[in-house]
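Subject: Structure for your review, with findings

Dear colleague,

Please find below the structure that I am handing over to you. My account of what was found in it follows directly after.

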Amino acid sequence: MINNRLRTIVWALASLLLVSAFVACTPEHPQSTFDSHGPVAEAQMGLFNLLTWIVSVVFVLVTGGLLYTVFKFRARPGAPPPQDIHGNTKLEIAWTVIPVILLAAVAVPTVQNQFYIAAPPEGEDKLVVNVVAHQWWWEFDYPDLGLSTANEFHVPVGTNIEFNMTSEDVLHSFWVPKLAGKMDIIPGKNTTMWFKADTTDADPSTPEKDSFYGQCAEFCGVAHSWMRFRVHVDEQDEFDAWVEHEKSNAKDPETDLEKEGYQLFLTKGCVACHAIQGRPDAVALRGPNLTHFGNRSTLAAGIKENNNENLKVWLKNPDDLKGGTIMANEAAVYINPDLALSNSDLDALVAYLRGLK
Ligand SMILES: [Cu+2]
């Protein structure tokens with residue numbers, strides 16, 4: 001009875017494990033490494049496939065040999081006790097030499113790949129993007145184009161993008177699964193990697209153009225899993241237009257509500273942490289640059305759609321969307337009751353920020 005139930009449970013767990021293993025391999029996921037795009041992701045995918053084939057063959061041969069031996073030489077009633085043997089030089093040489101050959105065969109492409117993914121090929125055009133990781137958002141600077149943005153960045157299709165990365169606080173890791181493997185980001189140190197996107201649309205099965213999803217892949221504190229970002233891959237002319245616009249100063253507030261929001265932005269201490277280009281009072285960089293915030297598709301490092309409702313929830317209490325941010329813990333409006341934002345303050349700030357197109 002108990003045995004039967006146990007057997008059912010073991011079978012159920014095993015099938016569940018098998019199903020989840022296969023489901024995990026689907027390329028139909030915005031962060032699937034199996035849907036590789038561009039030379040870096042493809043090189044890594046190639047290495048993965050090579051390794052998988054080699055270990056599969058080894059697994060089948062070793063397990064097959066084992067099963068064969070176990071069944072063929074199993075104890076039979078009345079059979080004499082097995083003979084004790086010790087040492088077999090031929091066998092020992094074989095099982096030393098074969099793994100050495102296999103490991104050497106795997107080491108060559110692995111080391112080649114390590115060098116290949118560290119920096120874009122010499123002599124080819126490249127675009128440099130400096131990444132600064134913060135708890136829990138991303139700063140993206142383009143030193144050669146003189147612009148800086150946050151949480152979402154654009155790159156031209158078919159161009160090598162070189163990343164120079166460092167951290168403001170703790171360890172983070174930069175990962176856009178469809179474009180390249182992970183790279184650690186270390187405070188006080190510069191790490192590099194590159195990728196080249198071969199398509200502008202991360203998911204052609206949907207009618208609209210999709211961006212590539214990225215995320216921090218190193219545990220960096222309570223909101224680690226909410227430290228996401230987006231890569232928008234553009235045709236060259238779209239990218240050039242984005243750069244021109246992104247370099248321009250923030251739009252002036254137009255409607256009365258926007259003007260009120262701008263005043264609140266100055267008087268409620270938001271400028272202590274947020275930069276808005278063209279506003280000399282707002283140059284700090286403890287939080288994301290908000291110059292063209294209205295054009296970003298997501299809010300709070302890729303976790304929510306950037307719309308009026310979500311922005312209002314965020315400004316009312318960032319903790320409701322994402323626990324433990326510096327904004328919730330240190331901004332005057334959340335720690336000093338005299339400065340707390342009223343409902344109409346929130347509406348004005350939403351109007352101003354969403355208007356920063
Ligand atoms: Cu992180």
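Along strand 5, which side chains point to one face and are buried, and which point to the other and are not? The model is a predicted one, and in it strand 5 covers residues 160-167. Ile-161, Phe-163, Met-165 and Ser-167 point to one face and are buried. Asn-160, Glu-162, Asn-164 and Thr-166 point to the other face and are not buried. In general, side chains in a regular strand alternate between the two faces of the sheet.

The sheet around strand 5

Strand 5 belongs to an open sheet of 5 strands with the order 3-2-1-5-8 and mixed pairing. At the edges of this sheet are strand 3 (147-150) and strand 8 (191-195), each of which pairs on one side only. On average, neighbouring strands here are turned by 25° against each other, direction ignored.

The partners of strand 5 are best taken in turn. Strand 1 and strand 5 run parallel and are joined by 8 bridges; within this pair, Lys-126 stands opposite Asn-160. With strand 8, strand 5 pairs in the antiparallel sense over 5 bridges. There Phe-163, one of the buried residues of strand 5, stands opposite Met-193.

Further along the sheet, strand 1 (residues 126-134) pairs with strand 2 (residues 137-142) in the antiparallel sense, over 5 bridges. A hairpin through 2 residues joins these strands. Val-131 has Phe-140 of strand 2 as its bridge partner, and Val-132 has Glu-139. Strand 2 and strand 3 likewise run antiparallel, joined by 4 bridges. Phe-140 has Thr-149 as its bridge partner in strand 3. The hairpin of strand 2 and strand 3 has 4 residues between the strands, and in it Gly-146 takes a positive phi near 65°.

The other sheet

Another open sheet of 5 strands has the order 4-10-9-6-7, again with mixed pairing. Strand 4 (152-156) and strand 7 (180-185) each have a single partner strand, so one side of each is left without a neighbour in the sheet. The twist from one strand to the next averages 20°. Within this sheet, strand 6 (residues 172-176) and strand 9 (residues 212-216) run antiparallel and are joined by 2 bridges. Phe-174 has Cys-216 in strand 9 as its bridge partner. Helix 4 (residues 236-247) lies across strand 4 and strand 10 (228-234), and runs at about 135° to strand 4.

A glycine between two strands

Is Gly-221, in its loop, buried or partly exposed? Gly-221 is placed in the loop between strand 9 and strand 10. A residue counts as buried if 20 or more other C-beta atoms lie within 10 Å of its own, and as exposed if 12 or fewer do. Gly-221 has 15 C-beta neighbours inside 10 Å and therefore counts as partly exposed. Leaving aside residues up to four places away in sequence, Gly-221 touches Gln-135, Trp-136, Val-170 and Gly-324. The C-alpha atoms of Gly-221 and Met-165 are separated by 19 Å, the two residues being 56 residues apart along the chain.

The helix pair

Helix 2 (residues 39-72) and helix 3 (residues 89-118) pack at an angle of about 170°, and their axes are 10 Å apart. The two helices are therefore roughly antiparallel to each other, since angles over 145 degrees are counted in that class. On the side of helix 2, the contact is made by Val-40, Ala-43, Gln-44, Leu-47, Leu-50, Leu-51 and Ile-54. These meet Leu-102, Val-106, Pro-109, Thr-110, Asn-113, Tyr-116 and Ile-117 in helix 3. The residues of this contact divide into 11 nonpolar, 3 polar and no charged.

Helix 3 has 30 residues and reaches 43 Å from its first C-alpha to its last, which is close to the 44 Å expected at 1.5 Å a residue. Helix 3 is hardly covered, as the count of buried residues among its 30 residues is 1.

With kind regards

Conventions: Residues are numbered from 1 along each chain as its sequence is written. This is a predicted model: local features need pLDDT of at least 70, side-chain atom pairs count only at pLDDT 80 or more; totals for chains, interfaces and linings use all residues. Axes are lines fitted to C-alpha atoms, for helices over the stretch in contact, and angles run from 0 to 180 degrees between N-to-C directions. Angles under 35 degrees count as roughly parallel, over 145 as roughly antiparallel, 65 to 115 as roughly perpendicular and the rest as oblique. Two residues are in contact if their C-beta atoms, placed from the backbone, lie within 7 Å. Ala, Val, Leu, Ile, Met, Phe, Trp, Tyr, Cys and Pro count as nonpolar, Asp, Glu, Lys and Arg as charged, and the others, Gly among them, as polar. Two strands pair if DSSP finds at least two bridges between them. The expected span of a helix is 1.5 Å times one less than its number of residues.
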